[in-house]
Amino acid sequence: MPCPHHRPIARRISVIPAFTPPGRPLLEVENISVFRGERLVLDRVGFTLGAGDALLLTGPNGAGKSTLLRVLAGLHKPEGGHVLWSGVDALADRTQHAGRVAYLGHQDALKLGLTLRENLTLAARASGGNPDLCMESLNISGLADLPARMLSAGQKRRAALARVLLAQAPLWLLDEPSLGLDINTMGLLGTLFAAHRQAGGIVIATTHVPLPLPDARTHALPGLNESDIPQPLEDFPEDDLL
Amino acid sequence: MTLRIPALITAILERDLRLALRHGADTLGAVLFFILAGALFPLALGPSPELLRRMAPGIVWVCALLAALLPLDRLFGSELEDGSLDQLLMTGLPPSLIALAKMMAHWLTTGLPLLLAAGPLAIMLGMPTSSMVVLLTGLLLGTLILSLIGGMAASVVLGARRGGVLLPLLVLPLTTPALIFGAAALDAAQTGLSWGPDLELLGAFLAAALPLCPLAAGAGLRAAVE
């Protein structure tokens, strides 16, 4: 948990706006199916989440957790199924859907030549949020003017999380948010999750380790059946593939 | 959202210009290549002033075309590799406008320096100063066309294996009209003919590329993150 000399929690989480909870489930995911080449990665995945809910996506490597997050973010078009936001097809207008989503990918997406603050400028301009408050919430204010190349892996992850906060979006899609974080930051993350959910936001995270998300539901993706694993071809025409 | 579009485009431009300044060596590379390649011609063709003056328009144009290709590979490639492309798409800016902003950044960091270096190179090759205006006007339109078509091709080959090899094969044929009109305008100016129509055709080419290339590039960016 944060040290006593830091600002009180209430001050830190003030960057999170309140989202008005609608009458029906906020997010409905129906029968999402995704092919990767010949292989069915996601087979009719579905769940519904209301305002303030959290969902953990678990499953073995290659089960399609990241792919599902990318589908929900509107970055990957599924071969079948729907994503409904307040009853409206979210993937029909993916540019508009982007405004509802804060996406944390596997990579931190920081430009190493830019300072931390400069890295957050674009996200701040997109959402109208305050980057300084968000950096403060993740305890990286002191690093704001350092080039990203000088940051450690954990600090970069915190910067990427600051961008999630900065998006001020109701739907958080986090691909292994705990990657490289220390114990203190995990505590901080728990506080931020709680504040986001209290404000009516949704958290969906993939993880292999326990996350500070109390009473989060878990959706286990089954992963590969042995028979689904594509066998390598003898004379694979590699040069014809671009 | 509509109000935010210009602000977001400026933010992308600012970011790319800042990155270009921080990595100055990469940015200067294209211009240095342009000057060096142009300087090789007198060495290869012999120091005949008449021959060089005759060939100067073609040399400047071909070298500019090749130099503008150099940074295209990284234009979207670096964004895809570090995950920034995902975040760009998550800003809520339509993909075609993201592509347009990146193309503008390419012009500011490559096209504009080439334009500035073209004058000295042309003088070095002995091009008469009277045709300098035609050269620079033609190259202004030409470098804009190169950024648009190059950006489109870069987004189309994004994520493809050996995209770097494919890129010139895609860009060079598409930019031949610009090369033909641009060099023809200069030729006309040197022989005292009317060069207006050639530049107008170049302008028409730019007018067609301006809406079409970002649209195609936007689709390419969407496909690349799939």
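1. Helices (H or I, at least four residues) and strands (E, at least two) are taken here as DSSP runs, numbered from the N terminus. This is a predicted model, in which local features need pLDDT of at least 70 and side-chain atom pairs count only at pLDDT 80 or more, while totals for chains, interfaces and linings use all residues. Residues are numbered from 1 along each chain as its sequence is written, and chains are lettered from A in the order in which they are written.

2. Residues 165–186 of chain B are 100% helix and 0% strand, with end C-alpha atoms 31 Å apart; residues 201–225 of chain B are likewise 100% helix and 0% strand, with end C-alpha atoms 36 Å apart. An unreviewed UniProt entry lists both stretches among the places of the feature "transmembrane region" in chain B, although such annotations may be inferred rather than shown by experiment.

3. Helix 1 of chain B (residues 4–22) has 19 residues and should span 27 Å at 1.5 Å a residue (times one less than the number of residues), which agrees with its end C-alpha atoms being 27 Å apart.

4. Among the buried residues of helix 1 of chain B are B:R15 and B:D16, where buried means that 20 or more other C-beta atoms, placed from the backbone, lie within 10 Å of the residue's own. The buried residues of this helix pack against helix 4 (116–127) of chain A and against helix 2 (24–45) and helix 6 (95–124) of chain B.

5. The axes of helix 1 and helix 6 of chain B, lines fitted to C-alpha atoms over the stretch in contact, come within 9 Å and cross at roughly 40°.

How values were computed. Buried ≥ 20, exposed ≤ 12 C-beta atoms within 10 Å, placed from the backbone. Contact = placed C-beta atoms within 7 Å. Axes fitted to C-alpha atoms, helices over the stretch in contact; angles between N-to-C directions.
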